[in-house]
Amino acid sequence: MTVTIENQTLPELTTDELSRYSRHLILPEVGMEGQQKLKAARVLCVGTGGLGSPLALYLTAAGIGTLGLVDFDVVDASNLQRQIIHSTRDIGRKKLDSAEEKLIALNPAIHIVKHETMLSSANALDILKDYDIVADGTDNFPTRYLVNDACVLLGKPNAYGSIFRFEGQASVFATKEGPCYRCLYPEPPPPGLVPSCAEGGVLGILPGLVGVIQATEVIKLILGKGESLVGRLLLVDALNMRFRELKLRKNPECPVCGANPTITKLIDYQQFCGIVPESKEEKAMKNGIPQMTVKELKRRKDAGEDLFILDVREPFEYQIAQIGGKLIPLNDVPQRLNEIPREREIIVQCKSGGRSQRVAELLKQQGYPSVVNLAGGILAWSDEIDPAVPKY
Amino acid sequence: MTIFIPTPLRPYAGGNGTLEVSAKTVGAALAELTTAHPDLRKHLFNSEGTLRSFVNVYLNDDDIRYLPAKEATEVSAADTLSIVPSIAGGTGCN
């Protein structure tokens with residue numbers, strides 16, 4: 001697979017560039033022509049976070065001519081453990097501005113295009129069409145499927161990477177001859193079944209490893225050299241430092257890249273991934289569990305009520321921050337029901353409200369008459385009630 | 001044979017990254033696994049007992065969906081089975 005850099009005369013390298021890229025120029029696989037191809041190339045980085053940081057930095061250093069960045073987020077202190085393109089003084093700043101500053105400092109010749117938006121079905125084709133290759137560093141299933149489908153529809157290769165805790169995946173999708181993300185995973189998991197990085201955590205170095213693999217694939221596709229990850233899924237296990245690879249096949253019945261595609265334009269990816277916008281009723285009641293706001297909890301605490309708060313996070317999370325709940329980690333709850341009084345109202349709490357909702361539903365099934373979920377968890381408490389409670 | 005358990009599913013497999021089973025087929029290996037660790041069952045299979053579409057199972061480096069005998073494929077002690085679920089993390093991880 002080679003990405004055809006549009007049939008144009010390749011741009012000449014300046015004297016500065018000849019010296020900057022000398023270690024590339026003496027590599028037979030890159031050489032003058034390869035470096036000129038890199039200079040002509042336009043790459044879109046979706047996300048400037050964990051994967052996007054090393055991706056953007058290395059692509060910029062390598063001499064990519066045009067680098068598009070898509071992000072709408074601002075830098076948060078909890079990003080800095082892995083998102084190395086941002087620094088401490090950037091906290092609160094737009095990620096795009098922070099990233100652009102670092103990239104231009106690294107290589108002033110780079111042309112950065114900032115797309116300050118959330119990629120959506122309405123704008124994805126328009127944004128992606130101007131690039132040769134897409135590098136997907138997003139953090140949620142709807143955007144993964146959106147990027148995949150847009151790449152297939154436009155015929156743009158997608159250097160894919162994904163991470164969770166100590167484990168990563170990488171491949172190249174949506175080339176003409178190779179499989180796409182939907183060939184690998186026809187359907188997304190239902191919401192809540194796969195924990196997010198915020199719930200599950202991630203080793204800060206892991207996106208560095210995986211993002212650099214993505215960047216390597218981007219460069220190889222542009223140069224048309226080596227063996228790309230098309231048709232292979234690379235699995236990275238950082239904890240045991242094992243790299244394994246699995247064969248990927250193009251699914252002839254794939255709804256987007258198969259012989260008779262049923263998806264011929266972008267769809268509603270939130271709906272496809274089972275995510276429905278929360279109605280007013282759902283805000284107050286979810287799956288039969290009343291949702292308590294942190295303001296309501298504060299009001300009742302201040303009124304001197306003796307409340308039973310059940311904190312279902314892990315002990316190490318409790319050490320970081322707690323709001324006076326009794327700690328029984330999620331997985332221990334079924335064995336420790338005798339410590340949870342049936343005659344009292346149980347206010348279940350976790351970090352952001354997901355795990356506590358599951359425990360609340362479990363307690364209700366177990367016959368507890370009065371169970372409520374603390375919506376937004378300890379994060380909402382820190383945001384809205386007491387900023388002294390650390391966020392993590 | 002060795003079954004590789006991915007990180008997201010390890011809490012339901014006693015925290016193990018790999019497990020050994022002595023089954024004769026892929027299906028029997030998965031059955032042995034979920035009998036030993038019943039919590040894994042709902043993460044791997046839907047209510048009809050078929051593998052969930054977002055969980056891929058590989059015998060060595062081959063997707064079992066593309067093996068002629070699929071789950072009835074015979075296995076030996078030297079084979080490995082990998083469970084590869086979809087993960088989405090990457091950017092902000094919010």
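Two residues are in contact if their C-beta atoms, placed from the backbone, lie within 7 Å. The structure is a predicted model. This briefing addresses the packing of one helix of chain A, the contacts of chain A with chain B, and a sheet of chain B.

**Packing of helix H16 in chain A**

- Helix H16 of chain A spans residues 377–384, and its buried residues are A:Gly377, A:Ile378 and A:Trp381.
- These residues lie on the same side of H16(A), because the arc they cover around the axis is only 125 degrees.
- The packing partners of the buried residues of H16(A) are helices H13 (294–302) and H15 (354–365), together with strands S13 (346–349) and S14 (371–374), of chain A.

**Contacts between chains A and B**

- Chain A contributes 42 residues to the contact, and chain B contributes 25 residues.
- On the side of chain A that touches chain B, two or more residues come from each of helix H7 (141–154), strand S5 (158–164), strand S6 (167–173), helix H9 (197–200) and strand S8 (242–247) of chain A.
- S5(A) provides the largest share of that side, with four residues.
- By residue class, the side of chain A that touches chain B comprises 18 nonpolar, 15 polar and nine charged residues.

**Sheet of chain B**

- An open sheet of five strands in chain B follows the order S2-S1-S5-S3-S4, with mixed pairing.
- Strand S2 (18–20) and strand S4 (62–63) of chain B are the edge strands, each pairing on one side only.
- Within chain B, strand S1 (residues 2–4) pairs with strand S5 (residues 80–85) in the parallel sense over three bridges.
- B:Ile3 has B:Leu81 as its bridge partner in S5(B).

Methods. Residues are numbered from 1 along each chain as its sequence is written. Chains are lettered from A and ligands numbered from 1 in the order in which they are written. This is a predicted model: local features need pLDDT of at least 70, side-chain atom pairs count only at pLDDT 80 or more; totals for chains, interfaces and linings use all residues. A residue is buried if 20 or more other C-beta atoms lie within 10 Å of its own, exposed if 12 or fewer, and partly exposed in between; C-beta atoms are placed from the backbone. The arc is that of the directions from the helix axis to the C-beta atoms. Ala, Val, Leu, Ile, Met, Phe, Trp, Tyr, Cys and Pro count as nonpolar, Asp, Glu, Lys and Arg as charged, and the others, Gly among them, as polar. Two strands pair if DSSP finds at least two bridges between them.
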